[in-house]
Amino acid sequence: MAEAYPWQDGLWQQLAGRAQHAHAYLLHGPVGIGKRALAERLMASLLCQRPGISNACGECKSCLLLKAGSHPDNYVLEPEEADKAIKVDQVRDLVSFVVQTSQMGGRKVVLIEPVESMNINAANALLKSLEEPSGDTVLLLVSHQPSRLLATIKSRCVQQACPLPSEAMSLKWLAEALPDSSDEERVELLTLAAGSPLAAVSLQAQGVREQRALVVDGVKKLLKQQQSPTQLAEGWNSIPLLLLFDWFCDWSSLILRYQLTEDETGLGLADMRKVIQYLAQKSSQDKILNIQDWILAQRQKVLSKANLNRVLLLEALLVQWASLPGRN
């Protein structure tokens, strides 16, 4: 059974307690807060032959088949490869499933995640099933970036926002999930994960604090002209490109904020505070705005899985970053 997270209690009561279910739900919110787990809990409850007040029984034939991954009335649609698009042929196979009669005489339940990974043809192919689902079919759409969805997709679903948990609740949960980490490390991980507790656990598993330390050290050496953009770009080969662009985007925002407010309490994590203050004092606002626009444009290309030359892209970023000091 999918894990139940404490920050989802209210959401779960709203969803599971409905007397009558919609034919399509769109569960949307930040990455790393358990939307997939929430959808899987709802899927199990909708398919269960003896559902309790708030959960699937876990023991009926339907629950056992679902647990074994062989439930005939359950369909999960996701990219065939990680970080790739959901293709139109995959959606056509799903549509064929939707029009069939339920084999166990109850509901059919479809889970699609992440729904924004559908290309335009795939999204259009799904519209008919969303508008007129066959029989007692419920579609559960999970989205990390609902702004990328067609308006026609969103309008055909009951939209359920899944907000971030509070920092206190996240840190309490992380204390149990990461018992070997210190309070300071958990706060740092949660900050790096933009407040998403499950993302914080994932970042810890991939060694993000060590990766961040490597990048911060490299940025400092770059500004002191102790390392070149080429050396750093090649040395950061194991660090996810999106993570790098997220950090540089965040740092450029913090520089701008400090230039406008000179508020030292809003400088982010301690590892880059002195660098941010230095660049805020030595760089023109135009330069910071220009590099931020460039970073956001390149980040969008990374998100859209464009065929990019990683080393050249990072070199271009670092050349611009090294040129920030100086108001010309």
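For what follows, Ala, Val, Leu, Ile, Met, Phe, Trp, Tyr, Cys and Pro count as nonpolar, Asp, Glu, Lys and Arg as charged, and the others, Gly among them, as polar. Keep in mind that this is a predicted model.

**Exercise 1. Get your bearings: how many helices and strands does the chain have, and what share of its residues is buried?**

*Solution.* Start with the secondary structure: the chain comes to 15 helices and 5 strands. Next, the outer frame: taken along the principal axes, the C-alpha atoms fill a box of roughly 70 × 40 × 35 Å. Last, burial: with buried meaning under 20% relative accessible area, 46% of the 328 residues make the cut.

**Exercise 2. Look at residues 210-321: what does UniProt place there, and how much of the span is helix?**

*Solution.* First, the record: an unreviewed UniProt entry puts the feature "domain: DNA polymerase III delta subunit C-terminal" at these positions, 210-321. Then turn to the model, where the span is 74% helix and 0% strand. Finally, check its two ends: their C-alpha atoms lie 22 Å apart.

**Exercise 3. Explore the largest pocket: which element gives the largest share of its lining?**

*Solution.* Begin with the volume, about 1,600 Å³. Of the 49 residues that line this pocket, Val 31, Leu 242, Asp 246, Arg 299 and Leu 303 are the closest to its centre. Now look for elements that give two or more residues to the lining: they are α8 (183-192), α9 (197-205), α12 (241-261) and α14 (285-303). The largest share goes to α12, with 7 residues. To finish, sort the lining by the classes we began with: 27 nonpolar, 12 polar and 10 charged.

Since α12 turned up here, have a look at the helix itself. It has 21 residues and reaches 30 Å from its first C-alpha to its last, close to the 30 Å expected at 1.5 Å a residue. Just after α12 comes Glu 262, with a positive phi of about 55°.

**Exercise 4. Find out which residues of α4 are buried and why they sit on the same side.**

*Solution.* Helix α4 covers residues 88-99, so count 12 residues and a reach of 17 Å, close to the expected 16 Å. Its buried residues are Val 88, Gln 90, Val 91, Leu 94, Phe 97 and Val 98. They all fall on the same side of α4 because they cover an arc of only 165° around the axis. The general rule helps here: an α-helix has 3.6 residues a turn, so residues three or four places apart point the same way. On the other side of α4, Arg 92 and Val 99 are exposed.

**Exercise 5. Hunt for unusual backbone: where is there a cis peptide bond, and where do Ala 194 and Gln 225, with their positive phi, lie?**

*Solution.* First, what's the usual case? Most residues other than glycine have a negative phi, and most peptide bonds are trans.

- The cis bond runs from Glu 113 to Pro 114, with omega near -10°. Pro 114 is in the loop between β3 (108-112) and α5 (120-131).
- Ala 194 has a phi near 55° and belongs to the loop between α8 and α9. Its relative accessible area is 60%, so it is exposed.
- Gln 225 has a phi near 60° and lies in the loop between α10 (208-223) and α11 (229-235). Its relative accessibility is 73%, so Gln 225 counts as exposed too.

Notes. Residues numbered from 1 in each chain as written. Predicted model: local features only at pLDDT ≥ 70, side-chain atom pairs only at ≥ 80, totals over all residues. Heavy atoms only, no water. UniProt positions renumbered as here; feature names shortened; annotations may be inferred. Helix = DSSP H or I, 4+ residues; strand = E, 2+ residues; numbered from the N terminus. 1 Å grid on protein atoms, 1.4 Å probe; cavity = no way out; pocket = protein on both sides within 12 Å on 5 of 7 lines; lining within 4 Å. Points joined across faces, edges and corners; volume = space filled by probe spheres on them. Buried < 20%, exposed > 50% of the residue type's maximum accessible area, 1.4 Å probe, protein only. Arc of directions from axis to C-beta.
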